[in-house]
Amino acid sequence: MSIQPSSRKPRVAVVFGGRSSEHAISVLTAGAVLSAIDRDKYDVLPIGITTDGRWALTADDPSRMAIADRALPSVEQLAESSDGTVMLPVDPASREVVYSEPGSVPKALGDVDVVFPVLHGPYGEDGTLQGLLELSGVPYVGSGVLASAVGMDKEYMKRVFISFGLPVGPYVVIRPREWENDPAAARKAVVDFAADHGWPVFVKPARAGSSMGISKVDDLAGLDEAIEEARRHDPKVLVESLLRGREIECGVLEFEDGPRASVPAEIPPVTTHDFYDFEAKYIDSAEGVVPAPLTPEQTAEVQRLAVAAFDAASCEGLVRADFFLQDDGEFVINEINTMPGFTPISMYPRMWQESGVSYAELVDRLIQAALRRPTGLR
């Protein structure tokens, strides 16, 4: 492995975009992270992944990675070439990144010391990119292969939490083969589920985020349409019961002595949307309350559960844990997000800002934690 000269600043490759339906959200996050990285402390290399999977050299211009007139940004708009390709090393003995264009001699872009992957959804947040980086021997921000995969798949996330005795709400899964081969039986499974837990239910992709593809279904009449909408994002579908209560979020961050929880936040009821969906989160800027108006005992309990969920899934770096505080006073874990958004309105950095960790310090702590960790088994 090449040895980093002591006089050289660590080089951070910020990788963003990707093939998932959360491509644009990843670009928004990258813009915020690129703005926050201390350029006196780190060299930065922005690498965008297009919607068709090409790794592109992009402009280091956060101002172009923002929503403009309700239009979402993309890597295609930022790429310096329509056909140039960035290649990570596949040899753990080298961390040199290479850029090539058709008909041209490949150009070395220098070594990368750590990757900051701000990808959301499949093909980036789900362990696939993490596995590539493990093979390459390049340290990276965030959770490893297993935790990333568990954090992406809501079914297995819930199974892990249940095995650790953590509180999880009722759910049922519709697998691709079940819907494709016998939709009547799959439909009946949901009807039976609703008979036990009541309507409405929420129908969502099992492996997506940013509230993509989620529908609130009030009765059988809307079920098929909701399932097909979820399947546009993921062939495996999760159906959850409505949990009545307050939506509470809590951030977890890896410090030198282990994970710590932030002050929690509350997502208030959204009056202009049926629920806290994509439009509410990113277009209409729904605001959360930070810190959440909880009792000291409730705050301590949600912080305990957030760290317990972080540990149960073997997470690293960061997690945003989402809960419902039910009317009976008990917390239920809805899900964790191993690469939560870093947009200016995102809850994760806002919770840590209120906890005394500024945005720039948050980014720096994540990079430093990644540089401390070895790749491989740990």
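Begin by selecting the charged side chains of this predicted model: the chain carries 35 positive and 57 negative charges, and the mean positions of these two sets lie 3 Å apart.

Next, show the whole chain as a cartoon and follow the backbone from end to end, where 12 helices and 16 strands can be picked out. The radius of gyration of the chain is 21 Å, close to the 21 Å that the globule rule gives for 378 residues, so the chain is as compact as a globular protein of that length. If you reduce the display to the C-alpha trace and turn it along its principal axes, the trace spans about 65 × 50 × 45 Å.

Now switch on the surface, of which the chain exposes about 15,900 Å², with carbon and sulfur atoms supplying 52% of that area. Beneath the surface, buried residues account for 55% of the 378 residues in the chain. Turning to the contacts between residues at least 6 apart in sequence, you will find that 67% of them join residues at least 24 apart.

The next stop is a single residue, Leu 135, which you can find by selecting helix H3, residues 128-136. Is Leu 135 buried or exposed? Leu 135 counts as exposed, because its relative accessibility is 63% and the cut-off for that class is over 50%. Keep Leu 135 selected and ask which residues it touches once its neighbours within four places in sequence are set aside: these contacts are with Val 90 and Pro 92. For a view across the chain, add Ala 206, which is 71 residues from Leu 135 along the chain, and draw a line between the two C-alpha atoms, which are separated by 27 Å.

Finally, select the cysteines Cys 250 and Cys 315, and consider how many disulfides there are. A disulfide is a covalent bond between the sulfur atoms of two cysteines. In this chain the count comes to 0 disulfides. Why is Cys 250 not bonded to Cys 315? The sulfur of Cys 315 is the closest cysteine sulfur to that of Cys 250, but the two are 13 Å apart, which is too far for a bond, since a disulfide needs the sulfur atoms to be within 2.5 Å. Seen from the other side, Cys 315 is likewise in no disulfide, and its nearest cysteine sulfur is that of Cys 250. With the surface still displayed, notice that Cys 250 is buried, with a relative accessible area of 0%, and that Cys 315 is buried too, with a value of 8%.

Methods. Residues are numbered from 1 along each chain as its sequence is written. This is a predicted model: local features need pLDDT of at least 70, side-chain atom pairs count only at pLDDT 80 or more; totals for chains, interfaces and linings use all residues. Side-chain values use heavy atoms; hydrogens and water are left out. Helices (H or I, at least four residues) and strands (E, at least two) are DSSP runs, numbered from the N terminus. The radius of gyration is taken over C-alpha atoms; the globule rule is 2.2 Å times the number of residues to the power 0.38. Buried means under 20% relative accessible area, exposed over 50%, partly exposed in between (1.4 Å probe, protein chains only). Contact means heavy atoms within 4.5 Å. Accessible areas come from the Shrake-Rupley method with a 1.4 Å probe; for residues, only the protein chains shown count as cover. Lys and Arg count as positive and Asp and Glu as negative; His and the chain ends are not counted. The place of a charge is taken as NZ of Lys, CZ of Arg, CG of Asp or CD of Glu.
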